[in-house]
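Me: Hi! Could you walk me through this structure? I'd like to talk about pockets, packing and a few single residues.

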Amino acid sequence: MLKVVRQIGQTLYRIWFYILVAIPIIIFFPVLVVFASKETWYPRFFWMARNLWAKPILYGMFCFPKVTYEQRLIKKKSYMLVANHTSMLDIMLMLVVSKNPFVFVGKKELVKIPLFGFFYKRVCIMVDRDNTQSRTGVYRRAQKRLQQGLSICIFPEGGVPEEHVLLDKFKDGAFKMAIAHKIPVVPMTFYDNKERFSFTFFSGGPGKCRARVHKFVKTHSLCPEDTAKLKTNIRETILNDLTTKT
């Protein structure tokens, strides 16, 4: 009986999440469409996504963000933001962590999500990982956004790993891009999002959403041959932190 009650509560919790995701988009839809229509207006879109969408979702789910900064992002400076990926809450938490406007690089399949997908394909950089031409195009679009003073965010695992995997292998894309554009890599650890709202249906619940922003890794002296080493160092930083905190 207790198990049934818990599962009903977790089902309602998930339904409430999707309601919270949809409500701000519906309310502010016309304004969001306007700000998404021109790249130069993207910082305004980002501000709304951060303050009127991400924060209400987290607090509405009673998932309270708690961010520890080993180093602070400098306003109007571009970065490569990377973190472990375990939950849909990662998107919201990343928006809370960074006041600096950034653009997500993510898989094209997210376009299929109702409402969210409508704006995702307009403001994010989509990649088809099975298409070499698509992957190449990402670098050109990212360069354009960096020239506009924005940052880039990539979850380098390339997706959410299996439930039993603490941290999956990292793909090269984020680190190649950081070296190519000579921007610092900002490693982040998200500790609790899998526990708060994982992809397992009957799971999740309120609590803290802790994140740690680690010291930045400079890339100005690195060359393409250093990609593997940079990727390994960043992954070890996040993995060691997850192992210590878990």
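Reply: Happy to, and what follows is a chat about this predicted model.

Me: Let's start with the pocket. How much space lies in the largest pocket?

Reply: The largest pocket holds about 780 Å³ of space. Its lining is made up of 40 residues, and Trp53, Ile91, Leu110, Phe116 and Tyr120 are the closest to the centre.

Me: Which elements give two or more residues to that lining?

Reply: Those are α1 (2–27), α3 (42–60), α4 (89–97), β3 (102–107) and α5 (116–123). Helix α3 provides the largest share, with seven residues.

Me: And how do the lining residues divide into nonpolar, polar and charged?

Reply: The lining of the largest pocket has 34 nonpolar residues, four polar ones and two charged ones.

Me: On to packing. Which residues touch the most other members of the largest nonpolar core?

Reply: That core has 73 residues, and the ones touching the most other members are Trp53, Met80, Met92, Met94 and Ile152. The largest share of this core, nine residues, is again from α3.

Me: Let's zoom in on isoleucine 152. What is it in contact with, beyond four places in sequence?

Reply: Isoleucine 152 has contacts with Tyr79, Met80, Leu81, Phe102, Val103, Val105, Ile125, Ala142, Arg145, Leu146 and Met177.

Me: New topic: threonine 189. Where does it lie, and is it buried or exposed?

Reply: Threonine 189 is part of strand β6, residues 185–190. It counts as buried because its relative accessibility is 0%, and the cut-off for buried is under 20%.

Me: Which side chain does the threonine 189 side chain make a polar contact with?

Reply: That would be the side chain of aspartate 241, at 3.2 Å. Beyond four places in sequence, threonine 189 touches Asn84, Arg210, Ala211, Arg212, His214, Ile238, Asp241 and Leu242.

Me: Asn84 caught my eye there. Where is asparagine 84 found?

Reply: Asparagine 84 sits in the loop between β2 (80–83) and α4. With 1% relative accessibility, asparagine 84 is buried.

Me: What does its side chain reach at 2.8 Å?

Reply: The asparagine 84 side chain reaches the backbone nitrogen of phenylalanine 190 at that distance, 2.8 Å. Leaving out residues within four places in sequence, asparagine 84 has contacts that include Asp90, Phe155, Glu157, Met188, Thr189 and Phe190.

Me: Nice. Back towards the start of the chain: which helix does leucine 32 lie in?

Reply: Leucine 32 belongs to helix α2, residues 29–36. Its relative accessibility is 8%, so leucine 32 counts as buried.

Me: And which residues is leucine 32 in contact with, past four places in sequence?

Reply: Pro24, Ile25, Phe45, Met48 and Phe119 are in contact with leucine 32. As for phenylalanine 46, 14 residues away along the chain, its C-alpha atom is separated from that of leucine 32 by 9.6 Å.

Me: Last thing, backbone angles. What is phi of phenylalanine 62 near?

Reply: Phi of phenylalanine 62 is near 60 degrees, which is positive in a residue other than glycine. Phenylalanine 62 has its place in the loop between α3 and β1 (63–69).

Me: What about phi of lysine 182?

Reply: Lysine 182 is not a glycine, yet its phi is positive at about 55 degrees. Its place is in the loop between α7 (173–181) and β6. Lysine 182 has a relative accessible area of 40%, so it is partly exposed.

How values were computed
Residues numbered from 1 in each chain as written. Predicted model: local features only at pLDDT ≥ 70, side-chain atom pairs only at ≥ 80, totals over all residues. Heavy atoms only, no water. Helix = DSSP H or I, 4+ residues; strand = E, 2+ residues; numbered from the N terminus. Buried < 20%, exposed > 50% of the residue type's maximum accessible area, 1.4 Å probe, protein only. Polar contact = N/O pair within 3.5 Å; in protein donor to acceptor, adjacent residues only side chain to side chain. Contact = heavy atoms within 4.5 Å. 1 Å grid on protein atoms, 1.4 Å probe; cavity = no way out; pocket = protein on both sides within 12 Å on 5 of 7 lines; lining within 4 Å. Points joined across faces, edges and corners; volume = space filled by probe spheres on them. Nonpolar A, V, L, I, M, F, W, Y, C, P; charged D, E, K, R; others polar. Core = buried A, V, L, I, M, F, W, Y, C linked by side-chain atoms within 4.5 Å.
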